[in-house]
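Dear colleague,

Here is the structure I promised to pass on. My notes on what was found in it follow below, and I would be glad if you read them with the model open beside you.

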Amino acid sequence: MKLSQLQIRNFRGTRSANLLFPDHVVLIGDNNTGKSTVLEAINLVLGPNRLSRRPPINEHDFYAGRYLRSDDANQDDDDEYRIYIEATITGLSDEQRARFMDYIEWWNTEKNSLHLHPVERVDAGEIVAALRVAFVGEYVADEDDFEGKTYFARSLQESDNPKRFTRSDKHVCGFLYLRSLRTGRRALSLEHGSLLDIILSVKELRPRMWETTIAGLADFDVASDPELGISGVLESISAALTKYVPDEWGVNPRLRVSALTREHLRNVITAFIATGGEPHVAPYYRQGTGTINMLVLAMLSQIAEDRQVIFAMEEPEIAIPPYAQKRIVHELRSLSAQSIVTSHSPYVLEEFDPAETIVLTRDSDGRMNHAPVLASDDVKRRKHYRQNFRIRFCEALLSRRVLITEGATESSAFPAVSRRLAELDPSKYVSLEALGICTIDAGSDSNIAPLGKMYRSLGKEVYAACDRQSPETEANIKRQVDELFMHSEKGFEDFVTKNTTCDALRRFANSVTWPQHLLTKYQKPWSDSLLREAVGAYFRWRKGAGTIADFLTACEEDEIPLWIRNCCTTLRRLAQPAVGDSPNRTNDQ
């Protein structure tokens, strides 16, 4: 089974959303765009244990805190004060279709919409069986409390007495919301909703251990040895107690290791694991983070062993090294019918195809929008898409603003010089990182326009920096970016050497080890003009190694080329417009 569509109304910061999901998906976007809200919404609809909380929702779960309808409000506006979440599930197994047969509908996989004429074309390959499930949450004035229930969505539309979608129904659907990598402490406990509890439930195992355990603990006295002195103290307390109350009110206090209830035992029982090669055992959650995470993976494989499930996981990269992030996501994909992940990690994004990467945005009115990263064929054909994918692609997807540079030299220079300028004059300059700008290397000037078009289609602010271009190429790039920075030279090395000071170039020349072939060509002593030529040749020899970035970070403000300084101040103005102002994008640099 898989979740094909999710509709959200009035839940947390989201007033409305209509999201479509591929078989596996990673949700990305800025902080507070609603990634966690999406997973919580799915959990409200499909999570078997989510509604056991009392109350299942509260004031802060309603969009803009609106849950209390005024007395003079129109009755037709009740939906404005009600949380509604609807999930469309496809890929139903024979067991699921038989169980939910009265509420089966049909879904068109090509149009990504309900097939409204069930008698027609139901045998067509693009028409599949579907089940719609809805959560409805609202404030009940008579009870002065919040209420949340799940229903078969079809019955909400067709009946005045809608059919509930029960906890046992949800178990059949097999949805699991994983916070375990963040809270691994609960994995091998027996608390409700822990991974071990879920495994027992999925395998329909309910060990009858409670009565035996409770009886054994009831017979165990703590510190009952008279030599310890505690039993004597308790006996004196019991003797004093009889002076004031009858025996039947309470006598013979004893120390026990538990409250002797199922619920308390669930909270205190945990697994112990041997540490290293030593015989000593310790609670599993005291092991290393990596051990706990791999333990969680092993338990997930147990959950998915007998059935296909939907795994939803929030930020699997928390406290996990890159190789483990990739392994966890790979295992999730292989174990599940569908994996739904939120992430800020490029290592996680690498495990998903662009069409499986959904960028979420949310406007000021609470409308959530989503767009898959559908890289154009022009982008996919290019070598830079296939090579260094994490550096050149993923990091930009995770940022709000993107600066596309023509080559590796510029991509290393711009962040470095912006940090240097911010150190020299923080009142005028801000680092690109502080502005939320990710700098990526396009590989060549011909790649700038297609990359700009793709990132812009995802709602990002896109800037570009390049050498002097032909009028046609310049116009093409300007159409695809929000701001183009273009200097007057055909190479960045020539531009820097011609627009800095000789003092800065001479300091640099005296600080580096020169190769023999350049010393032979440019023999000392160097005049100012020969110095510029020699350093330019050195920059070209070290092209792509970050040498110009090193040079610029050693410069004072007036030694940094004016064009670069203007780029940095303009980027600050575009990313941080003054209050009451709007960015003035002229594309004239």
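Helix α16 lies across β16 (401–405), β17 and β18, and runs at about 165° to β18; helices (H or I, at least four residues) and strands (E, at least two) are DSSP runs, numbered from the N terminus, while axes are lines fitted to C-alpha atoms, for helices over the stretch in contact, with angles from 0 to 180 degrees between N-to-C directions. Before going further, please note that this is a predicted model, in which local features need pLDDT of at least 70 and side-chain atom pairs count only at pLDDT 80 or more, whereas totals for chains, interfaces and linings use all residues. Residues are numbered from 1 along each chain as its sequence is written, and side-chain values use heavy atoms, with hydrogens and water left out.

Seven of the ten residues of α16 (residues 448–457) are buried, so this helix is largely enclosed by the rest of the structure; buried means under 20% relative accessible area, exposed over 50%, and partly exposed in between (1.4 Å probe, protein chains only). The buried residues are Ile448, Ala449, Pro450, Leu451, Gly452, Met454 and Tyr455, and after the helix comes Gly459, with a positive phi near 85°.

The sheet beneath this description is an open one of four strands in the order β17-β16-β18-β19, with parallel pairing, where two strands pair if DSSP finds at least two bridges between them. Its edge strands, each pairing on one side only, are β17 (437–441) and β19 (483–486), and neighbouring strands are turned by 20° against each other on average, direction ignored. Strand β18 (residues 461–466) is joined to the parallel β19 by four bridges, and Ala465 has Phe485 as its bridge partner in β19. Helix α17 (residues 471–480) also packs on the sheet, where it touches β18 and β19 and makes about 145° with the direction of β19.

Turning to the interior, the largest nonpolar core (buried Ala, Val, Leu, Ile, Met, Phe, Trp, Tyr and Cys residues joined through side-chain atoms within 4.5 Å) has 48 residues, of which Leu6, Phe21, Val38, Ile42, Ile85 and Ile340 touch the most other members. Helix α1 (residues 35–46) gives the most to this core, with seven residues. Neighbours within four places in sequence aside, the contacts of Leu6 (heavy atoms within 4.5 Å) include Ala17, Leu19, Phe21, Val38, Ile42 and Ile85. A second, separate core of 43 residues has Ala413, Val417, Phe492 and Leu505 among its members.

In helix α19 (residues 502–511), the buried residues are Cys502, Ala504, Leu505, Phe508 and Ala509. They cover an arc of only 160° around the axis (taken from the directions from the helix axis to the C-beta atoms), which puts them on the same side of α19. These residues pack against α18 (492–499), α21 (528–541) and α22 (547–553), while the face turned away from them carries the exposed Asp503, Asn510 and Ser511.

As for the cysteines, the structure holds zero disulfides, a disulfide being a pair of cysteine sulfur atoms within 2.5 Å. The sulfur of Cys567 is 6.8 Å from the closest cysteine sulfur, that of Cys568, which is too far for a bond. Cys567 counts as buried at 0% relative accessibility, and Cys568 counts as buried at 2%.

With kind regards
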